[in-house]
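The exercises below are meant for a reader who meets this structure for the first time. Please attempt each task before reading its solution.

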Amino acid sequence: MPVQIPSKYNQKFLQKPLLTCVLSLGIGFMCLGPSGTALAQQSIQASPESATQARDILRDLIAAKSIHANGSTRSAQMIADRLIAGSYSHDEVQVLAPKEYPTKGNVVVRMRGKRDAGTQEKPVLYIGHLDVVDAKREDWNFDPFTLTEKDGWLYGRGTIDMLGQAAAYVTTMLRLKKEGFIPQRDIILALTADEEAEGNANGVAWLLKEHKALIDASLVINPDAGEAAIKNGRKLYLTAQTSEKVFLTFGLEVTDKGGHSSRPTAHNPIDRLAKGLHKLSGFNFPLHLTDTVKLYFAGRSNLESGQKKADMLAVSLAKPDQAAVRRLSQEVETNIMLRTTCTTTEISGGHAENALPQRARATVQCRVIPGESQAQVEAQLRKVLQDDSIKISVITAAKPTPESPPSPAIFNAVASVAKRMWPEVIVLPNMSAGASDSVFTRNAGLPTYGIDAMFDDLDDSRAHGRDERISVKGFNEEIEFVYRLVKAIDKLPSK
Ligand SMILES: [Zn+2]
């Protein structure tokens, strides 16, 4: 069944799947290329030299223990030293930190592109963070800050989020230099501070504010916002993330004069707030399908079967079928792609066991579809609560972030690299429910795509958790993927 493309974007990309996987009895999954020929299943990995180099870098980054309290300057300096030892000049590599936060260091390296073309193209910028979430030795089976290999796995804080990817990018920059590669346009890698913490020294935000020229680009790739999924040992998809839902938090409050609990009234603030929250819990915000989400469902349907497949295809169409929307709204993972969500996260109220409450408060946390405004969401919330005595205030204001255009050229570049390495894998345009540093680059007007190939198990994700790990094979594949991706992206026309 042909997929009907919902927008002007990406006609080429999704009209036919890159390949067809069929379940044949007794054989398991067999994947065929577009021509119907069986594709080799051999794993394509980094060379032993690159693998060793990346492993050493990862080991040092983990050992640097770049948690919020320690900062990332040591890691940034270590990477700069390696790049300079790998023939980058001092002009090309810089370690920078805000004066007030000297431990929040960032490293920026630039590989200069061809200068003789006359019309100089704007650079491509790759961003990633050097900081990690803290981890306690007693919670882990291994020392979180010592890279440990066991049974084909590499354990350590930051292996998947995202020191492993940082190591792969540094290795790529070293390899390109060694090969004498001269890109069409400058390639910039910025590895930065404070992505994980709510600090004041976020490296991407600071670089954009204070050193814009150093990282200005016409295209940004952020591996931290990419997703590569594996389930039951089978690689499923890579995402090319174009957008993120916007974080927005409201405070709700009801007050009353109170009184003795032996004389209950209809004005009890806890009761009134509870009634409002109950209405909110049963409310679905209006369906809002972005171009990216339509493409996501069109692609994602290739991994499903039966009703779910049909429903995903239905919502990818211009006029989605309401029954399909209803069914997909019942599952958390699909519901969050269809609409803005708001949910209660905190509640408090009352002051004594035997007093009528004078105050009740709740926190309502929303994740807003790009394109909707804070005012729109607030108005909707007011309508749902149906009670003017519930005062609404803004706790965390929305930082509206645009969707980067779902670009067929980007998707095709990623797909062509991925297809050669993993014929069974599809590439999905994606909108994330969470936020990354892409919020800063998109808000600065730089189209940004989250792309990564460090495959993570959908049923065993350990980022920020205990015994964080990546597989040795997955790491070696990621190193090679990054190298090929950087070269493929360099070939793209910049317009
Ligand atoms: Zn991260």
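The following exercises concern a predicted model, and each is followed by a worked solution.

**Exercise 1. Overall form**

Task: Determine whether the radius of gyration of the protein agrees or disagrees with that of a compact globule.

Solution:
- Step 1. The protein has 495 residues, and for this number a compact globule would have a radius of gyration near 23 Å.
- Step 2. The value for the protein is 25 Å, which agrees with that expectation.
- Step 3. As a complement, the C-alpha atoms fill a box of roughly 85 × 60 × 50 Å along the principal axes.
- Step 4. Within this form there are 15 helices and 21 strands, and 44% of the 495 residues count as buried.
- Step 5. Taking contacts between residues at least 6 apart in sequence, 78% join residues at least 24 apart.

**Exercise 2. Two domains and their contact**

Task: State how the protein is divided into domains, and describe the side of domain 1 that touches domain 2.

Solution:
- Step 1. Domain 1 comprises 48-241 + 407-414 + 428-491, while domain 2 comprises 246-396.
- Step 2. The C-alpha centres of the two domains are 34 Å apart.
- Step 3. Contact between them involves eight residues of domain 1 and 12 residues of domain 2.
- Step 4. On the domain 1 side, β11 (234-244) and β18 (426-432) are the elements that give two or more residues.
- Step 5. Of these, β18 supplies the largest share, four residues.
- Step 6. By residue class, this side of domain 1 has seven nonpolar residues, one polar residue and no charged residue.

**Exercise 3. The surroundings of strand β5**

Task: Explain why strand β5 (residues 124-129) is described as largely enclosed, and identify the strands with which β5 pairs.

Solution:
- Step 1. A residue is buried if 20 or more other C-beta atoms lie within 10 Å of its own.
- Step 2. Six of the six residues of β5 are buried, so the strand is largely enclosed by the rest of the structure.
- Step 3. Both faces take part: V124, Y126 and G128 point one way, L125, I127 and H129 point the other way, and all are buried.
- Step 4. With strand β8 (residues 187-192), β5 pairs in the parallel sense over six bridges; here I127 stands opposite A190.
- Step 5. Strand β9 (residues 219-221) also runs parallel to β5 and is joined to it by three bridges; here V124 stands opposite L219.

How values were computed
Residues numbered from 1 in each chain as written. Predicted model: local features only at pLDDT ≥ 70, side-chain atom pairs only at ≥ 80, totals over all residues. Domains from an automatic or database assignment. Contact = placed C-beta atoms within 7 Å. Nonpolar A, V, L, I, M, F, W, Y, C, P; charged D, E, K, R; others polar. Rg over C-alpha atoms; globule rule 2.2 N^0.38 Å. Buried ≥ 20, exposed ≤ 12 C-beta atoms within 10 Å, placed from the backbone. Pairing = 2+ DSSP bridges.
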